[in-house]
Amino acid sequence: MNYVETAFKQLYPNKIFHYDAHIVYSGQFKDYGANITLYNKQLTIKLSKSWYGVQEDIVIGCIQELLQKLFKTKHKTLEIDLYNNFIRSLHLVVKKDKVDPTLERSFNRINEKYFFDLQDRPNLVFGSESLTLLGYYEYKTDTVTISKVLIDDLELVDFVMYHELLHKKLKYYTSGSKTFHHTKEFKAKEREFENFELVENRLKEFLKNKKRSKKGLFSRILPY
């Protein structure tokens with residue numbers, strides 16, 4: 001019995017497994033990435049190469065998470081708990097070799113002021129100049145990504161950095177197939193940022209101005 005069939009039967013003991021299932025280890029993903037596809041009866045699990053050699057129960061939990069997304073179910077298993085614990089602990093072992101100097105200085109300021117210098121430094125990178133995704137923390141690679149649109153405003157960089165480091169510190173919890181990141185504790189901690197409301201309002205105004213300027217630029221380059 002392969003991992004996919006095992007994962008399926010643990011999740012759905014009353015259903016018949018009638019799929020042609022395959023696991024493919026691929027180099028197209030970031031560390032510990034994965035996806036699932038179903039075409040007719042062909043069920044394919046693609047895992048990043050970093051999954052190769054990981055404990056069987058954890059891999060099965062990963063596959064069960066993918067199956068739940070595919071079939072839109074909300075079951076809980078020991079293997080899923082093991083998988084989520086594994087993901088939450090990856091920051092201890094992944095490589096930390098991507099560090100932008102501006103973001104490292106921001107991290108140091110925030111770590112000293114709000115985390116008593118106890119946070120270990122994650123990977124720190126600038127992303128695209130997005131106005132909708134200002135930052136995100138990726139558990140599987142222990143990476144904080146900040147939108148390049150903020151690069152010239154250090155206070156706003158620090159504001160978003162603090163938000164993402166809270167994700168790194170507080171992690172997340174799961175209930176069924178749902179994952180919760182912005183808990184009551186998270187929201188309360190977020191408001192501990194100095195002058196939270198003032199900075200939050202300034203960020204909103206900053207984004208409004210950026211959107212207006214982009215809209216104005218776009219209208220100027222439209223052909224008559």
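**Entry 1: a strand pair**

I started with β2 and β3, which pair in the antiparallel sense over 6 bridges. I then picked one residue on β2's side of the pairing, I36, and found that its bridge partner in β3 is I45. A reminder to myself: strands of a sheet pair through backbone hydrogen bonds, either parallel or antiparallel. I should also note that this is a predicted model.

**Entry 2: the whole sheet**

Next I asked in what order the strands of this open sheet stand. The order is β1-β3-β2, with 3 strands and mixed pairing. β1 (20-26) and β2 (34-39) stand at the edges with a single partner strand each, so one side of each is left without a neighbour in the sheet. From one strand to the next, I found a twist that averages 15°.

I also looked for a helix beside these strands. Helix α2, residues 56-71, lies across β1, β2 and β3, and runs at about 50° to β2.

**Entry 3: a closer look at S48**

I chose S48, which lies in strand β3 (residues 42-48). Is S48 buried or exposed? Its relative accessibility is 2%, so S48 counts as buried, the cut-off for buried being under 20%.

Which residues is S48 in contact with, leaving aside its neighbours within four places in sequence? I listed Y25, S26, F29, K30, D31, Y32 and G33. For Y32 I could add a detail: its backbone nitrogen lies 2.8 Å from a polar atom of the side chain of S48.

**Entry 4: a hairpin elsewhere**

I moved on to β5 and β6, which form a hairpin with 4 residues between them. D142 sits in the turn and has a positive phi of about 50°. The two strands run antiparallel, and 4 bridges join β5 to β6 (residues 143-146). Here the bridge partner of Y137 in β6 is V144.

Then I checked where the side chains of β5 (residues 135-138) point. G135 and Y137 point to one face and are buried, while Y136 and E138 point to the other and are not buried. That made a nice example for my notes: in a regular strand the side chains alternate between the two faces of the sheet.

**Entry 5: stepping back**

Last, I looked at the whole protein. I counted 7 helices and 8 strands. Of its 224 residues, 43% are buried. The C-alpha atoms fill a box of roughly 55 × 55 × 35 Å along the principal axes. The accessible surface comes to about 13,300 Å², and 52% of that belongs to carbon and sulfur atoms. Among contacts between residues at least 6 apart in sequence, 51% join residues at least 24 apart.

Conventions. Residues numbered from 1 in each chain as written. Predicted model: local features only at pLDDT ≥ 70, side-chain atom pairs only at ≥ 80, totals over all residues. Heavy atoms only, no water. Buried < 20%, exposed > 50% of the residue type's maximum accessible area, 1.4 Å probe, protein only. Polar contact = N/O pair within 3.5 Å; in protein donor to acceptor, adjacent residues only side chain to side chain. Contact = heavy atoms within 4.5 Å. Pairing = 2+ DSSP bridges. Axes fitted to C-alpha atoms, helices over the stretch in contact; angles between N-to-C directions. Areas by Shrake-Rupley, 256 points an atom, 1.4 Å probe, with all protein chains shown as cover.
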